[in-house]
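Open the model in your viewer and keep the selection tool at hand. This tour goes from one pair of helices to the sheets and ends with the two domains.

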Amino acid sequence: MTLARSNAFIYSDLDWTLRQQFGKAAFRPQQKEIIQAALGGKDVFVQASTSYGKSLCYQLPAVVDQGITIVVSPLLSLMMNQVEALRTAGINASSLNSTTPLGEKDRIYKDLQTGHPRIRLLYVTPELCAQPRFRDRLTVVYEQRELARIAIDEAHCISEWGHDFRKDFKRLSWFRESFPDVPIMCLTATANAQVRRDVLASLGLDGDSDRMKIFTMTAHRPNLHFEIRFTQDEDDRRLDHFLKWIRGVFERRAAQPRKAELNGERIDNVPGIIYTISRDECESLASQLRSEGVGAQPFHAKLPKEIKEQTLAKWVSNQPGYDIIVATTAFGMGIDKLNVRFVCHWRLPKSFEGYYQEAGRAGRDGNAASCFLYYSREDRDRVSSMVMRDRNLPGSNFEARAKSLQALVEYCESTNACRHRMITRYFGERDTPVCDYACDWHKDAADLQKRFLRGLASEEFVSTQRDEGLYEVYWED
Ligand SMILES: Nc1ncnc2c1ncn2[C@@H]1O[C@H](COP(=O)(O)OP(=O)(O)OP(=O)(O)O)[C@@H](O)[C@H]1O
């Protein structure tokens, strides 16, 4: 619609806009092609690794194109983070969701009602997209030919085959039905071929192959170092291991010449995230770490909003005492902190995709970062019992969840393959990624085998306990 008018002008200006408005020197591979396809009026599906720079793929077109771009995202933290960054760059961006103050809501609705909104990027939740008030205002904008594009972030949430299905995402088919000529862009870091097909079909984007451009980049993150640490209930030394590891990192940072490279940075500022599975463990672990002199803070859904905001702000700005966040799942999604040096999974997560997305919070600056997961067979059975328990809930997509957890367990129990290779294979890639000693198998396969044999409880033991119902737990996140 609005696009054909000025493509020649737009295309020649992309590099300039990238530099001037976004302060980046050059496009990353394929970014420009994605942006050009979007500006050419195509529907676009972007699958690229965590920290690739997917947001730029809809933000830059929104800046150079006429009209408003609607960005649908389930992550409130992403909205706040991005709107703030865009405003700092002088771009008119806003977000509309259940937490938006009334005055701000009115301002946004008034802007939409004009039919020619000043806002260039409006971030909304999928729930909001179902509300008649929003739909009516957007229709006004559409009728004025000012609705430039719809971007759907975390698009895997549309698919019941995805690990994170949200039923409100299904209703987004309304966009194509109501605004048939408005281009739609879908973005995700974690989709396999089945999820991708399902997303496109659900949104009504699968009918016209000339109109659709699919970009699939590797999920590979070569700077992340993957390791599994084996443990068991009877001999749980996770805390000792962790403390030994982090103190080792401090010692290496304190030694010359490394210290000189830090340029006055605090020795113990090694930003990281520890993912736990329950609120109680999150609180107690953070407090144990603090009592050992490590700057750790808890973060979970039940903490007061002000505390969460304060913790996040201090962690992002590397304040003493706020180096490590001990969080329940999904913390950090949409938060673009570049220098996270490690992500530690204290227990087995519930899905492969969830695990890889959370690990993907590490090393967004491209420098080396560690991702390690403490795996025990007891936790495997606890997590399985939780997935089983939810199997009959509406929209539980049990089959997909069970498959994903099974794949993660196989990944953890594997001692004969590169972890990067297992990850990319899970996401359907055929090529073998380069792993420059960035996984425990490549580093020392014999040691991995030894740790595996010594570290885990035997299947016989675990099955007896399981039969007695000892792993049926309910953890609140
Ligand atoms: N061409 C570029 N040059 C330099 N930095 C870039 C470029 N494109 C994006 N970035 C930066 O890369 C970082 C990651 O981008 P972004 O937050 O969009 O990641 P993402 O692909 O959405 O990842 P995730 O799925 O993990 O959220 C940001 O700091 C962003 O500013």
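## Stop 1: two helices side by side

This is a predicted model. Begin by selecting helix α15 (residues 377-389) and helix α16 (residues 398-413), whose axes lie 10 Å apart and make an angle of about 170°. Because of that angle, α15 counts as roughly antiparallel to α16. Now show the side chains where the two helices touch. On α15, pick R380, V383, S384 and V387; on α16, pick R401, A402, L405 and V409. Sorted by class, the residues of this contact are five nonpolar, one polar and two charged.

## Stop 2: the six-stranded sheet

Next, select the strands β8, β13, β12, β9, β11 and β10. In that order they form an open sheet of six strands with parallel pairing. A general point helps here: strands of a sheet pair through backbone hydrogen bonds, either parallel or antiparallel.

Which strands stand at the edges? They are β8 (224-230) and β10 (296-299); each has a single partner strand, so one side of each is left without a neighbour in the sheet. Across this sheet, neighbouring strands are turned by 15° against each other on average, with direction ignored.

Zoom in on β10 and its pairing with strand β11 (residues 324-327), which is parallel and runs over four bridges. One residue pair to label is Q297 with its bridge partner in β11, I325.

Then add the helices that lie on the sheet. Helix α12 (residues 279-291) crosses β9 (272-275), β10 and β11, and its direction is at about 170° to β10. Helix α14 (residues 352-359) also packs on the sheet, where it touches β8, β9, β12 (342-345) and β13 (369-375). The direction of α14 makes about 150° with that of β12.

## Stop 3: the seven-stranded sheet

Hide the previous selection and turn to another open sheet, this one of seven strands. Its order is β3-β4-β2-β5-β6-β1-β7, and the pairing is parallel. Look at the two ends of that order: β3 (93-96) and β7 (212-216) are the edge strands, and each pairs on one side only. On average, neighbouring strands in this sheet are turned by 15° against each other, direction ignored.

Select strand β1 (residues 43-47) together with β7. The two run parallel and are joined by five bridges. Within this pairing, the bridge partner of V46 is F215 in β7.

Now bring in α2. This helix lies across β1, β5 (147-152), β6 (184-188) and β7, and runs at about 155° to β1.

## Stop 4: more helix pairs

In general, two packed helices are described by the angle between their axes and the distance between the axes. Keep helix α2 (residues 31-39) on screen and add helix α3 (residues 54-64): their axes come within 9 Å and cross at roughly 45°. That angle makes α2 oblique to α3. The crossing of these two helices is right-handed.

Which residues make the contact? From α2, show Q31, I34, I35, A38 and L39; from α3, show L56, C57, L60 and P61. By class, the contact holds eight nonpolar residues, one polar residue and no charged ones.

For another pair, select helix α5 (residues 102-113) and helix α6 (residues 132-143). Their axes come within 8 Å and cross at roughly 35°. Here Y109, L112 and Q113 of α5 meet R133, R137, L138, V140 and V141 of α6. This contact has five nonpolar, one polar and two charged residues.

## Stop 5: the two domains

Finally, zoom out and colour the chain by domain. The domain assignment gives domain 1 as 8-216 and domain 2 as 224-468. Taken over C-alpha atoms, the centres of the two domains are 31 Å apart.

How many residues of each domain are in contact with the other? There are 16 in domain 1 and 18 in domain 2. To find part of this boundary, select helix α4 (residues 76-88), which gives the most to the side of domain 1 that touches domain 2, with three residues. That side of domain 1 consists of six nonpolar, eight polar and two charged residues.

Methods. Residues are numbered from 1 along each chain as its sequence is written. This is a predicted model: local features need pLDDT of at least 70, side-chain atom pairs count only at pLDDT 80 or more; totals for chains, interfaces and linings use all residues. Domain bounds come from an automatic or database domain assignment. Two residues are in contact if their C-beta atoms, placed from the backbone, lie within 7 Å. Ala, Val, Leu, Ile, Met, Phe, Trp, Tyr, Cys and Pro count as nonpolar, Asp, Glu, Lys and Arg as charged, and the others, Gly among them, as polar. Two strands pair if DSSP finds at least two bridges between them. Axes are lines fitted to C-alpha atoms, for helices over the stretch in contact, and angles run from 0 to 180 degrees between N-to-C directions. Angles under 35 degrees count as roughly parallel, over 145 as roughly antiparallel, 65 to 115 as roughly perpendicular and the rest as oblique. A crossing is left-handed if the near helix is turned anticlockwise from the far one by less than a right angle, and right-handed if clockwise.
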